[in-house]
Amino acid sequence: MAAPDRKQSPPLDRHLERQIFTTVDNVQYFVHPQRLGRVGNASKLRDIVPVTGLTLEQYHDESCISTLERFVVADDVYTTGFGHRIVTIDHQDPTVDAKAGADNKFPLHVVHGLILEDLEHPVRPGPYFLYNEGLHQAWRLYPDSLRAFNFGVFPKSLHQAENSAFGPVTALSQDGLHKAIAVPSRLYYSDPSPEKPLAGMRFVVDDFFPVEGVKTTLSSESWTSFVPPSSKTCHLIKHLIGLGAIMVGKTKVSQFGILHSAWVDVSSPKNPRADGYQEALGSSPGAGSALAGYKWIDCAVGIDTLGGFMETAEWYGLFALRLSSSGVLLAETDMPSMRLSAIAFMSRSLKSVQQAAEASISRIETALTHKNSSTPPTNIVYLGHRFSKPNLELSLHLANLVDIPTEEFDMETSWETRSPPKAPSQDPLHTYMEDCAWKAYCHDFGQRYYESMDDYAYKNPSAETRDLLRLYWDDAVESVWREMDNLSNEDRENCYARIRDFAEWFDKSMESLEEPIVLLPTVAGQGPRSRVYSPSSYAPTAHRMTNWDDTLAAILERPQVILPVGRISFSSAISRATEALPLCISMMSRRNTDLELLDFVTNIMEGNKLQVEVEVGKDALPQAKETWQFFKASDSDGDEEASSEKGGDKSPPPGELDGSESEGSPEDDEHLGIQMSLEEDH
């Protein structure tokens, strides 16, 4: 008999043939289909029975009850309902069937022994279910009330999850209104180790990544209608799972990742920030909503193309890192432009972003050649012409918390004096670079998607597929189709040649400035964007993907971070109350210094008592005990004025604020924050 394929599901007698859901203490659960072992003397149990797995040592210990109580506190999956029946997970005698009796630990109390199915993969203490004499993991079902997910997923093989096929979770919430997402107990995973640095980290993936056994939808019914379930999982996701992380679902993206989506084929994710009616912006709003709204998600993995993923992090007030472009990692994803895309991570915690990035970069040496620079940055530059006044004030105040010089870099003027030889001398920078990245992206997009659909329709000449190319596409996608029709291969090469010329010129300019950290503009100070009002003003041709200098990190293949540092207060027409939106800054460093950039910003944040974790819900950051206050108002001519205060006193102008503590400043466990106030603008 031929050896079984290791990627195949276990035999049916060890694997449930259907998805089973149950309830414990009024909490919904998914019974993972893989049987981990056979439990002795459980043949009389006809129902699904919640149990707790303990070692014999834990069971006999006098603090056994305290162990169960600790499980309740430490784990969001475990509830007291699992503690009425015990399975000794390291006891291999199936005849064990003892009442607690003498010690009266478990007043109900059957203790079962366990026969493992796979001796190489022992069972860890935690919550389980008994079903037909088999022991199964307990996965808690959470309602996706923010509509962040396309669907939840689970690995069909627990012991080789990185090589496993996945299945979509088919459950609904108890009220039937939302999809349910399954997550495993945190007790199933050991502490992070050099071999498993991401052990227990729950992550979601943008619906650009192929995952074996489920579809990649790209938020398009037309695309989903002819694309079969993926036959393999892309290398990056397998790598993260191999390092101990747990993928729990695929989150919604704007259609094909293009800003901004009209959300016709797929319902828009709900942004939980502020009044709950702000737009779901960026290319990865599903990931943004999941992280900003659900404590049970730790991290998101996505693809940043021309700034879309990073824009989501800005609007939702989340920490994010765009890696230096990494084409090898993108080879198996459903993104069209390898040159303008890069892997990115997003989380409520700066530490989680750092862990995910370090684990990925250090282990994929063939894909990334990131250098370890021992020389810290010696200066900071900012591109003043691209900043709004409040955004510039904010960024400069944060930059001046670092004891290194800060100066403006005027790209237009510098280009005029030191433009590359290939650039026509009469072309100013904005003319030379205008629409280059956008047009190159549109051409690549067309080759990736349009031609694959045309090829599918040709190979499958049915009535359904003949009409495939005439199905509905989002307005933003239609704008790409139209742009693509006007572009030739020569046009594409010319666009990429200009991008290469600009990148070479920018690199040399930064070398002459001793490779500074570059402050990039963000949406800080732009105000609320309510989804109640017409999105017509957010036309796809006007979004930041077409603004080349808003996409510098992508064009230059440099790492970029987003840091939420405060709140913008505004008067909401929806809640009729004062609400707060996240306030973020962005920094970019030289190519292949991703980890050094993270170290740099971590030192800034921690050294100046700025929070390195944000909250779920309406407020990313709470009102700080001590703040730098920025107030934006309009004078009679409609011009913006900005002033700043610290603790009610006038703060120093940019360049003089050092963030040092004075008498009466907050305790060590309190943080500094930034508060901006502005009027809602309809």
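A salt bridge is taken here as a side-chain nitrogen of Lys or Arg within 4 Å of a carboxyl oxygen of Asp or Glu. In the predicted model, K508 and E504 meet this criterion, because their closest N and O atoms are 3.4 Å apart. Both residues belong to helix α15, where they are four residues apart, about one turn of the helix. K508 is exposed, at 53% relative accessibility, whereas E504 is partly exposed, with a relative accessible area of 42%.

By the same rule, the count of salt bridges comes to 12. Among them is the pair formed by R202 and D76, whose closest N and O atoms are 2.8 Å apart. R202 is located in strand β13 (residues 202-206) and D76 in the loop between α2 (64-74) and β5 (86-88), so this salt bridge ties together parts that are 126 residues apart in sequence. The two partners fall into separate classes of accessibility, R202 being buried at 0% relative accessibility and D76 being partly exposed at 22%.

A further salt bridge joins D444 to R492, with the closest N and O atoms at a separation of 2.5 Å. Here the partners come from two helices, D444 from α12 (residues 436-459) and R492 from α15 (residues 489-512), and the pair therefore ties together parts that are 48 residues apart in sequence. D444 counts as buried, its relative accessibility being 6%, while R492, with a value of 23%, counts as partly exposed. Helix α15 thus contributes R492 to a salt bridge with a residue of helix α12, and it also holds both K508 and E504.

Salt bridges also link D507, E515, R558 and R591 in a network. One member of this network, E515, can be related to a position elsewhere in the sequence, since the C-alpha atoms of T378 and E515 are separated by 8.0 Å although the two residues are 137 residues apart along the chain. T378 is placed in the loop between α8 (350-363) and β18 (380-382), and with a relative accessible area of 36% it is partly exposed.

Charged residues outside salt bridges were considered next. A patch of negative charge on the surface is made up of E57, D61, E62 and D90. Of these residues, E57 lies in helix α1, which covers residues 56-60, and it is exposed, with a relative accessible area of 66%.

With regard to the cysteines, the structure holds zero disulfides. C436 is in no disulfide, and the nearest cysteine sulfur, that of C495, is 4.7 Å away; the pair cannot be counted because a disulfide requires two cysteine sulfur atoms within 2.5 Å. C436 is buried, at 4% relative accessibility. C442 is likewise in no disulfide, and for this residue the nearest cysteine sulfur is again that of C495, at a distance of 9.4 Å. C442 is buried as well, its relative accessible area being 0%.

How values were computed: Residues numbered from 1 in each chain as written. Predicted model: local features only at pLDDT ≥ 70, side-chain atom pairs only at ≥ 80, totals over all residues. Heavy atoms only, no water. Buried < 20%, exposed > 50% of the residue type's maximum accessible area, 1.4 Å probe, protein only. Patch = residues over 30% accessible without salt bridge, like charges linked within 9 Å, V, L, I, M, F, W, Y side chains within 5 Å. Areas by Shrake-Rupley, 256 points an atom, 1.4 Å probe, with all protein chains shown as cover. Lys, Arg positive; Asp, Glu negative; His and termini not counted. Charge placed at Lys NZ, Arg CZ, Asp CG, Glu CD.
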